[in-house]
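Biologist: Please take a close look at one turn and the strands that lead into it. Then work outward from there to the rest of the chain.

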Amino acid sequence: MPADTATDTAPETGGTPNGELIRFDNVTKRFGDNTVLDDLCFSVKPGKHVTLIGPSGSGKTTILRLLMTLESPEEGTITVAGRKLFPAAEKERREARKKIGMVFQQFNLFPNMTVLRNITEAPVRVLGLSKEEAEARARELLELVGLSEKADAKPGQLSGGQQQRVAIARALAMRPQVLLLDEVTSALDPELVAGVLDLLRDIARTTDITMVCVTHEMGFARDISDEVLMFDGGKVIESGPPEKIFSDPEQARTREFLGAVL
Ligand code: ADP
């Protein structure tokens with residue numbers, strides 16, 4: 001048996017022996033003297049939609065960036081779909097990372113590539129799909145996000161809302177088990193926000209993809225979340241279903257935060 005199958009506990013059905021798809025165990029992340037995540041533990045079950053809330057600087061984006069392996073923790077263990085992301089050998093980390101797609105605040109599309117190529121690039125390069133397979137999948141996804149007629153356009157010819165739809169299609173093209181959403185509407189003109197959130201609501205409702213969202217759109221968070229985690233001081237200070245957290249939070253700090261954003 002190859003060595004790296006020892007931790008490969010049925011990634012298709014969830015991952016860890018407890019059925020969690022994502023698991024942070026005692027994760028500490030520091031930037032210099034700034035301890036951003038402090039002995040953090042939380043987990044997400046497959047198919048669940050979890051929203052991270054909390055004041056600016058409380059480490060929410062850092063959690064997503066750790067999951068994308070754009071940052072590394074100083075301490076602790078991060079597991080995705082039964083595979084170690086940290087600490088892990090590069091090969092195992094790459095396999096774990098393939099399960100995760102991310103949509104960024106600033107879209108981050110490749111400006112010189114067409115919309116279609118933006119979506120096919122990673123499936124061809126990383127998953128080894130043929131160009132034809134990748135294009136067929138990309139066209140299905142463009143239909144899903146309502147942009148079939150923009151396949152040959154360049155990102156600069158699209159509105160911010162359309163670019164974000166392409167970024168969502170690009171993330172889904174990798175068939176991730178987990179979709180990370182980092183403030184995906186905060187760079188959009190106000191009239192474009194509702195369309196993107198409606199698309200994400202549809203994806204949440206009609207697919208079994210697991211979502212981890214950072215958002216200030218509390219109405220959206222209330223609609224799609226199974227669980228809301230409130231962060232402060234590098235820890236989860238409160239968690240629960242959105243009805244509870246938004247209507248009857250236990251912690252004064254949560255009430256204060258929600259009072260400022262709602
Ligand atoms: P949030 O998403 O909750 O607003 P972040 O995760 O973006 O918080 O940031 C948490 C803290 O980490 C902030 O104090 C921020 O300044 C700091 N930080 C984030 N990224 C870096 C970095 N690359 N270098 C130094 N400090 C960083």
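Modeller: Start at the bridge between Asp 232 and Lys 235, the latter in strand 10. The model is a predicted one. Strand 9 and strand 10 form a hairpin, and two residues separate the strands. Gly 233 sits in that turn, with a positive phi of about 60°. The pairing of strand 9 with strand 10 (residues 235–240) is antiparallel and covers five bridges.

Strand 9 (residues 227–232) also pairs with strand 3 (residues 49–53), here in the parallel sense and over four bridges. One position to look at in this pairing is Thr 51, whose bridge partner in strand 9 is Val 228.

A second hairpin can be described in the same terms. Strand 1 and strand 2 form a hairpin with two residues between them. The turn contains Gly 32, and its phi is positive, about 60°. Strand 1 (residues 22–31) runs antiparallel to strand 2, and seven bridges join them. Within this pair, Val 27 is opposite Leu 40 of strand 2. Strand 1 also runs antiparallel to strand 4 (residues 75–80), with five bridges between them. There, Arg 23 faces Thr 79 of strand 4.

Next is the ligand. The residues around it are Phe 31, Asn 34, Val 36, Gly 54, Ser 56, Gly 57, Ser 58, Gly 59, Lys 60, Thr 61 and Thr 62. Two elements, strand 2 (34–44) and helix 1 (60–67), each give two or more residues to this shell. Helix 1 gives the most, with three residues. Sorted by class, the shell holds two nonpolar, eight polar and one charged residues.

Helix 1 also contains Leu 67. Leu 67 counts as buried because 23 other C-beta atoms lie within 10 Å, where the cut-off is 20 or more. Leaving aside residues up to four places away in sequence, Leu 67 touches Val 80, Ile 100 and Leu 180. Gly 101 is 34 residues from Leu 67 along the chain, and their C-alpha atoms are separated by 9.5 Å.

Three places in the loops have backbone angles to check. The peptide bond between Phe 86 and Pro 87 is cis, with omega about -15°. Pro 87 belongs to the loop between strand 5 (83–86) and helix 2 (90–97). Phe 107 is not a glycine, yet its phi is positive, about 65°. The loop that holds Phe 107 runs between strand 6 (100–103) and helix 3. Phe 107 is buried, since 22 other C-beta atoms lie within 10 Å. Glu 183 is another residue other than glycine with a positive phi, near 50°. Its loop lies between strand 7 (178–182) and helix 6 (190–206). Glu 183 counts as partly exposed because 18 C-beta neighbours are inside 10 Å, and a buried residue needs 20 or more.

After the loop of Phe 107 comes helix 3. In helix 3 (residues 115–125), the buried residues are Val 115, Asn 118, Ile 119, Thr 120 and Pro 123. These buried residues pack against helix 4 (131–144) and helix 5 (160–173).

On the scale of the whole chain, there is a division into domain 1 (22–99 + 176–261) and domain 2 (111–165). The contact between the two uses nine residues of domain 1 and seven residues of domain 2. On the side of domain 1 that touches domain 2, six residues are nonpolar, one is polar and two are charged. The C-alpha centres of domain 1 and domain 2 are 26 Å apart.

Finally, the record. An unreviewed UniProt entry carries the annotation "domain: ABC transporter" over residues 22–258. Over that range the chain is 39% helix and 26% strand. The C-alpha atoms at the two ends of residues 22–258 are 26 Å apart.

Methods: Residues numbered from 1 in each chain as written. Predicted model: local features only at pLDDT ≥ 70, side-chain atom pairs only at ≥ 80, totals over all residues. UniProt positions renumbered as here; feature names shortened; annotations may be inferred. Buried ≥ 20, exposed ≤ 12 C-beta atoms within 10 Å, placed from the backbone. Domains from an automatic or database assignment. Nonpolar A, V, L, I, M, F, W, Y, C, P; charged D, E, K, R; others polar. Pairing = 2+ DSSP bridges. Near = placed C-beta within 6 Å.
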